Amino acid sequence: MPDPSRPRVLVTRRIPEVGLAIVRAAAEVDLWEGELPPPRDELLRRVRGVDGLLSLLTDRVDDELLDAAGPGLKVVANLAVGVDNIDLAACARRGIPVGNTPGVLTEATADIAWALLMSAARRLPEARDFVLQDRWKTWGPLDFLGKDLAGATLGIVGFGRIGREVAKRARGFGMRIVYHSRTRASAEVEAETGATPLGFHELLATSDFVSIHVDLNATTRGLFGAEAIGRMKEGAILVNTSRGPVVDQVALHAALSSGRLFAAALDVTDPEPLRADHPLLALPNCLILPHIASATVRTRDAMATKAARNIVAGLRGEPLPDPVAPPAR
Ligand code: GLV
């Protein structure tokens, strides 16, 4: 039986045990055990009267949900670094702190950006299908010709933790590295990453590979539309591990099917999940993963631990270890 004297926390999916144990030590946990996210009406019902909400990027946290929770809600902790599923202004209006999980998924996400970049450059999905379909007859001098990394230019759009980690890896491949970001990085960061700042249009025009690492917000939604994609170099490769709506998928489809872009590799799409009959999936030069950038055992354990610590601090009325700044007014 739940102990009514203890705070109550809704956890909207099974998360690594290490995080659940931390929350359980501080609160009664209502755990949604479904494989899929709780349906909206179930979420609105279960959130009623809770003191803490440990949410996932698949849960929309907005006025309606916060109203359903009621005035006792003390903290929202997202099991993600991105918080575009959360209406931060709505939380701020109610004085509810929001936490996220920065830092611990930086390397895993940079690794997936690289896995995507290399798979697209060297056409690994097509080559694998070829073997699986038993079409491999001999070594072919003209088969599966891809793009070289050495000497190519990598353009990184969004130069926060993950973008910088992607840049560091590029040095080992002998690439020229340029970046575009809201604010210029310090001289130390530029020296450490070997990256040079460029204007957005210049970066698009000169990069053989473009990797996206921006947050999803009003400015970045649709940033890679027909215009930006049209400015990319002929034969370039686009990699997205940020959020799906940053890329206009209709414009991307046109650029991939005409051959203007060599390939795209996406860990994120709009919507998610993307159904298997989506036109992008019919293109041999488009590789799509189901949003797995942070999916390693160690990273997910670390994310769950951070989210749990945010919950515990919020329940105690203490500053969250990883707070998300409320939007500027
Ligand atoms: C995953 O996409 C995250 O934001 O952590």
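## A first walk through the model

The structure holds four aromatic pairs. One of them joins Phe159 and Tyr179, and this pair is stacked, with 4.0 Å from centre to centre and 10° between the planes. Where do the two rings sit? Phe159 belongs to the loop between β6 (153–157) and α7, while Tyr179 is part of strand β7 (residues 176–180), so the pair ties together parts that are 20 residues apart in sequence. Keep in mind as you look around that this is a predicted model.

### The seven-stranded sheet

Let's stay with β6 and β7, since both belong to an open sheet. Seven strands make up this sheet, in the order β8-β7-β6-β9-β10-β11-β12, and the pairing is parallel. Which strands stand at the edges? They are β8 (195–197) and β12 (286–288); each has a single partner strand, so one side of each is left without a neighbour in the sheet. Going from one strand to the next, the twist averages 20°.

You can zoom in on one pairing here. Strand β10 (residues 237–240) and strand β11 (residues 263–266) run parallel and are joined by four bridges. If you'd like a spot to start from, take Ile237: its bridge partner in β11 is Ala263. Helix α11 (residues 249–257) packs on this sheet, where it touches β10, β11 and β12, and its direction makes about 140° with that of β11.

### The five-stranded sheet

Now for another open sheet. This one has five strands in the order β2-β1-β3-β4-β5, again with parallel pairing. Its edges are taken by β2 (28–31) and β5 (98–99), each with a single partner strand, so one side of each is left without a neighbour in the sheet. Strand β1 (residues 8–11) runs parallel to strand β3 (residues 52–55), and three bridges join the two. Among the partners, Val9 is matched with Gly52 in β3.

Two helices are worth finding around this sheet. Helix α1 packs on the sheet and touches β1, β2 and β3, with its direction at about 135° to that of β2. Helix α12, for its part, lies across β1, β3, β4 (75–78) and β5, and it runs at about 175° to β4.

### Helices that meet

Two packed helices are described by the angle between their axes and the distance between the axes. Here are two such pairs side by side:

| Helix pair | Axes come within | Crossing angle |
|---|---|---|
| α1 (residues 17–26) and α12 (residues 297–316) | 7 Å | roughly 15° |
| α5 (residues 106–121) and α7 (residues 161–171) | 8 Å | roughly 55° |

Start with α1 and α12. Their axes cross at roughly 15°, and that makes α1 roughly parallel to α12, because angles under 35 degrees count that way. The crossing is right-handed. From α1, the residues involved are Val18, Gly19, Ile22, Val23 and Ala26, and they meet Asp301, Ala304, Thr305, Ala308, Ile311, Val312 and Leu315 in α12. What kinds of residues does this contact bring together? Sorted by class, the contact of α1 with α12 has nine nonpolar, two polar and one charged.

Next come α5 and α7. With their axes crossing at roughly 55°, these helices are therefore oblique to each other. Here, too, the crossing is right-handed as α5 passes α7. On the α5 side, the contact is made by Thr106, Glu107, Thr109, Ala110, Asp111, Ala113 and Trp114, while α7 brings in Arg161, Ile162, Glu165, Val166, Arg169 and Ala170. By class, the contact of α5 with α7 has six nonpolar, two polar and five charged residues.

### A few backbone details

Finish the walk in the loops. Where should you look for cis peptide bonds? One joins Asp270 and Pro271, with omega at about 5°. Another runs from Glu272 to Pro273, with omega near -5°. Pro271 is in the loop between β11 and β12, and Pro273 is found in the loop between β11 and β12 as well.

Arg123 is another residue to look up. Its phi is positive, about 55°, although Arg123 is not a glycine. You'll find Arg123 in the loop between α5 and α6 (124–132).

Note on methods. Residues are numbered from 1 along each chain as its sequence is written. This is a predicted model: local features need pLDDT of at least 70, side-chain atom pairs count only at pLDDT 80 or more; totals for chains, interfaces and linings use all residues. Side-chain values use heavy atoms; hydrogens and water are left out. Axes are lines fitted to C-alpha atoms, for helices over the stretch in contact, and angles run from 0 to 180 degrees between N-to-C directions. Angles under 35 degrees count as roughly parallel, over 145 as roughly antiparallel, 65 to 115 as roughly perpendicular and the rest as oblique. A crossing is left-handed if the near helix is turned anticlockwise from the far one by less than a right angle, and right-handed if clockwise. Contact means heavy atoms within 4.5 Å. Ala, Val, Leu, Ile, Met, Phe, Trp, Tyr, Cys and Pro count as nonpolar, Asp, Glu, Lys and Arg as charged, and the others, Gly among them, as polar. Two strands pair if DSSP finds at least two bridges between them. Rings of Phe, Tyr and Trp (its six-membered ring) pair if their centres lie within 6.5 Å; planes under 30 degrees apart count as stacked, over 60 as edge-to-face and the rest as tilted.
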